[in-house]
Amino acid sequence: MISFIILIFSSIFFVGIISQTKAMIRGRKRPSILQPLYAVLRLFKKGAVYSTTTSIIFKLAPIIYFSTVFLSVFFIPVGKLSGLLSFEGDFIYFVYLLGLGKFMMIIGAMDTGSSFEGMGANREALYSLLVEPAFFILMGSLALFTDHISFYELFTHLHLHNNLTYTISIVSIYLLIFMAMVENSRMPIDDPETHLELTMVHEVMVLDNSGFDLALIHIATWLKFAVFGALISDFIIPTDWAIPYQILFFFGIQILFAIIIGFLETFRARNKMAKNPQWLIMLSAIAIVVFLTTLIITNKIILH
Amino acid sequence: MHMEIILFKLFIGLSLAIFLLPKKSLFYFSLFIQSVLIVITSYWATSIFLLDKKITHPFISLLGHNVNVNIDSLSAFFILVINFTVLTGLIYAKGYLVPYIKTKNKIDLAWHYFNFIWLHISMLLVVMLHDALAFLIIWEIMSLSSFFLVIFDHEKKATLKIGVNYLIQMHIGVVLLMVGFIWVNVQTGGDFSFDWLGVYFATHPPLYLFMLFFLGFGIKAGFIPLHTWLPQAHPAAPSHVSGVMSGVMIKMGIYGILRVLMYIHHDLFDIGFLVLFISLLSGIIGVSMAIVQHDIKKLLAYHSIENIGIIGIGIGLGIIGLAENIPFLSVLGFGGGILHILNHSLFKSLLFYTAGSVYKQTHTRNIEQLGGLIKKMPKTALFFLLGALAISGLPPFNGFISEFLIYFGMFKSLHLGNLNTNFIILFTFSGLAIIGGLAVFCFTKVFSITFLGTPRSNKAKKAVEVDFVMLLPAFMIGTMILLIGFFSGIFMSPLAQIVHLFTGNTFPFKHLVPVMNHISLSSGILIVFAGIFMILRIWQQKQHKLSEKSTWGCAYTGANPATHQYTATSFADNFIQLSAQLVQVKRGFKHFEEEEIFPEERSFKTHSLDVFENILFRLPLHKMIRMFRKIAIFQTGKIQHYLLYALIFLIIISVLTYLNWI
């Protein structure tokens, strides 16, 4: 339960920290760290405009999308604190749960009959399918290493082993950072600050959402960031520390993660649209490197 | 003799009476016959699961020896799957065939229903007979009855051609099976029966004979590259037939493979690798080909290939697990594969029925002409969506459960497996993840283009919801999909009974009980959350103003909503670019000429080629025909020339004889 609460809590500030970092690097006046929260609260106070083309799917999509992301938070452990729901194979459920949310968002976008949203929807469909194998391969490597297959046990057993863990961790963290960027449609796949519909992915899918629905979609983005941030921190947090320190450490890593994203977004150019698939397949390739490393560490590949 | 067997035979015989009945009562008569068959066989099947034993009844005597009906838990499982799908198919047919009652004559319709009954009977017997000769005969009846069902629209020349293609390919399969059985017979000198396979496999290397059977059964199942009949036959057949064929008939191939596997106990690794490799190929190529289709039923047919692939992946992993002695892999591989047989029969028949409803109301299968149907046919649309979510393997629906079992088995076995197995598992779960992602891609495409947005043609504008009788099967199947999705725990113990036949132990299922409970719990929580947020939104939106405007078009209001939508082709385009070699989409259009100041009207069309069909059938066929054409210059039609040929032949013969060469 504590892990759930601190995850939700950290998610509120996440996007704020990213935009503060970006503003600082660019030499602009920093927005309040709670600016995203204010924006969402404002949306909750508004009515909504629905397109005449849309059907029930458009109204269902944000609700189910948000529910899936909200439920996905339940599975995430923080250090020694287990998630609310933890069972063997929960990461498989986690991936497919996010898949359900994406499915709904894609058909929700297509429901408006807009070409813009169609464009965004099919890019989202393609990119998310290309990134899925990387996550599974990463989790597979950990399963191979620890012989456990739930988030909680994977991460707690990861640290019981020797220092070789860190060789896996570094690459895994690199992967997770970029997976988080893809999941949230950020650089280098998608630029949330672009003003041209033709070059958007996620933003263009939610063009017609407004009011309550849009607020849910924004919160879902925060939650997704927090979830991936937590996964990253689980690689690092030493599980033999006292719980309060672990929580402090967790917050430290979340802030660091947000700052890294801020840096990435300011200094990295966006990929060409047509180059994105290759870049995403590269993530799977790196994941295979993790897998091979694990095979070597576990003495299945014996090097002379 | 048992009461049930007499009844069973009586009703099989009674099916002939269908030709004596008037048009109106054909459906009720088939329903009556098939209900009785369903009750009898389901009674056998359930009693097997409840009492955990085998049933053997004497059935008929064929060429002097007795043929028994043998039912073990594998047969029982298939019996239940067949019965459920055939029942829904029959109910759906009542609605689907309404327009044909006027246009078709009595014999045509009676013949159709008769074949439907016999497809049911033959499938039931296929899974119950162990005598090879009887099995082949009933296998042949199954092919024939499905052939006649496919060519229901035999007024169309194309349908007839597809039907004949189907029939020929099925016969190639039968020949392979026959050769297999004869080979066993010759080598062992035993009976002409499945049980002698065990004797053969115990003393011979199993790979080659297994490959023979795999090819024979694989044609029916539609493994790539043996699939070419499938994407043609399914669209040509009426939808209830496509539903039943794709839902259960192609699974008879899987049944055959499983049955043969039961007798093999050594040298399993190669076999497992073969099955797994072909299945991964089928899965990935099947779904990739599906993405580029515009014909909704053809698209679904390619998805059958994909799902056969997933079933095969489960089975292949199971075999490798047996070979490598990793219980988690073998038990959950077989378990996931077998559960996916049931799951696929559910959502695929649901998808074919709803697609059939769309076809019936709009008279087109081309999704580029559809759109906006969710407003005209809301129930059909939602059931299609249910099927789409389930087939994409998303929680909380049934497709996820079987894929989860396969994943679970793989991840659980990584630590135990050796390097080989680990690499196999690595590629398999990556492949399975890609298949899942591509399925999402494909079904978001087909659902959105067909049902969402605005209508793209008058056909779609005029559509109305179908009758209740056509929705009833969807309700039945939908209930089952949700039941398996939310209460997967109760299906684990019967599944364990089936898997026991292959693996001998099933302890991983005990391990799985808490996991399944947690999945049900999570799915329940998901629904509760969705409900809560829904209520919150209703409450929030009551206090604020809601309005309706047209879709955001970048402030451009002149767009025609029907023609300026995203199309299926454009949705699939970025995938096509990525896999151009695989899917081979050909574009047909005329370029603009430089001096063309006043351009004429243009058209643009795309169609996809099946690479395997091209390489394996079209190209060799064309080459052969070209060669025969060249040879045909000898056939001049003049008697003088033929006499000359005879003379030349005689001269050659005598010269050769003179030289003592022959």
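## The interface of chain A and chain B

In this predicted model, 77 residues of chain A are in contact with 80 residues of chain B. The two chains bury about 6900 Å² between them. Carbon and sulfur atoms account for 72% of that area.

**Area on the side of chain A**
- Tyr93(A), Tyr96(A) and Phe103(A) lose the most area to chain B.
- Together these three make up 11% of what the side of chain A buries.

**Salt bridges and polar contacts**
- The rule finds 2 salt bridges across the interface.
- Glu88(A) and Lys412(B) meet through their side chains in a salt bridge, at 2.3 Å from N to O.
- Polar contacts link 23 residue pairs across the interface, with both residues at pLDDT 80 or more.

**Which elements of chain A take part**
- Helices that each supply at least two residues to the side touching chain B include α2 (35-44), α3 (56-74), α4 (90-110) and α5 (115-146).
- α9 (211-236) and α11 (276-297) of chain A also supply at least two residues each.
- The strand β1 (48-51) of chain A does so too.
- α5(A) gives the most, with 19 residues.
- By residue class, the side of chain A that touches chain B divides into 47 nonpolar, 18 polar and 12 charged.

**Strand pairing between the chains**
- β1(A) pairs with strand β3 of chain B, residues 546-549.
- The pairing is parallel and runs over 4 bridges.
- Within this pairing, Ala48(A) stands opposite Leu546(B) in β3(B).

Terms used:
Residues are numbered from 1 along each chain as its sequence is written. Chains are lettered from A and ligands numbered from 1 in the order in which they are written. This is a predicted model: local features need pLDDT of at least 70, side-chain atom pairs count only at pLDDT 80 or more; totals for chains, interfaces and linings use all residues. Side-chain values use heavy atoms; hydrogens and water are left out. Contact means heavy atoms within 4.5 Å. Buried area is the accessible area (1.4 Å probe) that two parts lose on being put together, summed over both. A salt bridge is a side-chain nitrogen of Lys or Arg within 4 Å of a carboxyl oxygen of Asp or Glu. A polar contact is a pair of N or O atoms within 3.5 Å; within protein, one must be able to donate a hydrogen and the other to accept it, and residues adjacent in sequence count only if both atoms are side-chain atoms. Ala, Val, Leu, Ile, Met, Phe, Trp, Tyr, Cys and Pro count as nonpolar, Asp, Glu, Lys and Arg as charged, and the others, Gly among them, as polar. Two strands pair if DSSP finds at least two bridges between them.
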